[in-house]
Amino acid sequence: GLFMLKPLRLFSIVIVIILSTSGLAFSQHTFNLTKGKPAKLVPGLGSVHHPVSTENPQAQKFFDQGLA
């Protein structure tokens, strides 16, 4: 069974499980901090541009900002 593993291997498995689940909880928490707030364009991030398939100029600006 699981408890027949060597102590170091069992410890490693437990640490991986704890870290993987705590990452999920953290990502959900940070996502909720922005809930209901509109996205903003931030000036001064540079002039990165990569065309995307949109006809909305503001969508292109937000994409470029994320890429920058």
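**A loop, a buried aspartate and a nonpolar patch**

S47 is found in the loop between α1 (7-33) and α2 (57-67). The model is predicted. S47 is classed as exposed because its relative accessible area, 75%, lies over the 50% cut-off. Along the chain, S47 and Q65 are 18 residues apart. Their C-alpha atoms are separated by 8.8 Å.

Attention turns next to an acidic residue. D64 lies in helix α2. This aspartate is buried. Even so, D64 has no salt bridge. The nearest side chain of opposite charge belongs to K61 and is 9.2 Å away. That distance is beyond the 4 Å limit, so the D64–K61 pair does not count as a salt bridge. A polar partner is found in the backbone instead: the side chain of D64 reaches the backbone nitrogen of H50 at 3.1 Å. H50 also appears among the contacts of D64. With neighbours within four places in sequence left aside, D64 is in contact with V48, H49 and H50.

Helix α1 contributes to a separate surface feature through I15, which is found in this helix. I15 is one of the residues of a nonpolar surface patch of about 590 Å². The other residues that make the patch are L8, F11, V14, I18 and L19. I15 has a relative accessible area of 31%. This value falls between the 20% and 50% cut-offs, so I15 is partly exposed. Patch residues need over 30% relative accessible area, so I15 meets that requirement at 31%.

Note on methods: Residues numbered from 1 in each chain as written. Predicted model: local features only at pLDDT ≥ 70, side-chain atom pairs only at ≥ 80, totals over all residues. Heavy atoms only, no water. Helix = DSSP H or I, 4+ residues; strand = E, 2+ residues; numbered from the N terminus. Buried < 20%, exposed > 50% of the residue type's maximum accessible area, 1.4 Å probe, protein only. Patch = residues over 30% accessible without salt bridge, like charges linked within 9 Å, V, L, I, M, F, W, Y side chains within 5 Å. Areas by Shrake-Rupley, 256 points an atom, 1.4 Å probe, with all protein chains shown as cover. Lys, Arg positive; Asp, Glu negative; His and termini not counted. Polar contact = N/O pair within 3.5 Å; in protein donor to acceptor, adjacent residues only side chain to side chain. Contact = heavy atoms within 4.5 Å.
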